[in-house]
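Q: Please take a close look at one part of this model, beginning with a single position, and then explain how the charged side chains pair up around it and beyond.

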Amino acid sequence: MTAPIVIRQLVVGYSGRPVAGPFDFELSGDRVTWLVGANGAGKTTLLKTLGGLLAPLSGSIEPWPAPGTRGAVFVHAAPFFFAGTVRGNVLLATRGREAEARRALDRLGVGDLWADDVRALSSGQRQRVGIARALAADPACLLVDEPEGGMDADAIQCWRTVMQEATGRGRPIVAVAAHRPVAFDGVPTAVFALGDGCR
């Protein structure tokens, strides 16, 4: 199991301007941490900070996994893709290891999109491919922002299975920001509620 990540007195924000915090909580591999809060409470900013995309304004994250392969990977609510195919995008995460890329796509039920142009994907397909690409990087910590947008029932089940497998193995540690996550049914979770802005 991946060692817990302990967050203490963490304040997050942009360009030195606090958005939310201070926070004290723990991310553990045996449960998915569900971040809840009103729009503007700082959920996305917190996830980006945990993922190494933003520097903390103050406080600590210990141990703080480095961003990228085998570290912390953030999946945006509207994942960004490079021009080209699904194959090309997911291979970036595996550094060219095709079997691992295909396995990640299959876990999210989108292996048949291998040769498709990313511009032709529906919003639900983009979300699944984005999560698959993140999983292909073998992250220690998976941070996902509003993953269920556009997902149908099959996609929800695939995502639920991914979370169940993660909590069963204790890796990756998973944190999710979501308003009403249907996929959490049957998944061990811990809820962390963000207040309104910075205290």
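A: **From one position to the charged pairs**

With a relative accessibility of 6%, Thr-45 counts as buried (under 20% relative accessible area; exposed is over 50% and partly exposed lies in between, with a 1.4 Å probe and protein chains only). The model is predicted, so local features need pLDDT of at least 70 and side-chain atom pairs count only at pLDDT 80 or more, while totals for chains, interfaces and linings use all residues. Residues are numbered from 1 along each chain as its sequence is written, and side-chain values use heavy atoms, without hydrogens or water.

Thr-45 belongs to helix 1, which covers residues 43-50 (helices are DSSP runs of H or I with at least four residues, strands runs of E with at least two, numbered from the N terminus). Apart from neighbours within four places in sequence, Thr-45 touches Val-12, Gly-13, Tyr-14, Val-19 and Leu-54 (contact means heavy atoms within 4.5 Å).

Two cysteines are buried as well. Cys-141 has a relative accessible area of 2%, and Cys-158 has one of 18%. The structure contains zero disulfides (pairs of cysteine sulfur atoms within 2.5 Å).

The charged side chains come next. Nine salt bridges are found in a search of the whole structure (a side-chain nitrogen of Lys or Arg within 4 Å of a carboxyl oxygen of Asp or Glu). Side chains of opposite charge can pair when their charged atoms come close.

One of these salt bridges joins Glu-98 to Arg-102, with the closest N and O atoms 3.7 Å apart. Both partners sit in helix 3 (residues 98-107), and because Glu-98 and Arg-102 are four residues apart there, about one helical turn separates them. Glu-98 is partly exposed, at a relative accessible area of 34%. Its partner Arg-102 is likewise partly exposed, at 36%.

Another salt bridge reaches between two helices. Glu-165 pairs with Arg-107, and the closest N and O atoms are 3.1 Å apart. Glu-165 lies in helix 5 (residues 153-169) and Arg-107 in helix 3, so this pair ties together parts that are 58 residues apart in sequence. Glu-165 counts as partly exposed, with 35% relative accessibility. Arg-107 is partly exposed too, with a relative accessible area of 29%.

A further salt bridge connects two loops. Asp-138 pairs with Arg-171, the closest N and O atoms being 3.7 Å apart. Asp-138 is in the loop between helix 4 (123-136) and strand 6 (141-145), and Arg-171 is in the loop between helix 5 and strand 7 (173-177), so the pair ties together parts that are 33 residues apart in sequence. The relative accessibility of Asp-138 is 34%, which counts as partly exposed. Arg-171, at 27% relative accessibility, also counts as partly exposed. This pairing is part of one network, in which salt bridges that share partners join Arg-70, Asp-138 and Arg-171.

In brief, Thr-45 is a buried residue of helix 1. Helix 3 holds the bridge between Glu-98 and Arg-102, and Arg-107 of helix 3 is tied to Glu-165 of helix 5. The link from Asp-138 to Arg-171 runs from loop to loop.
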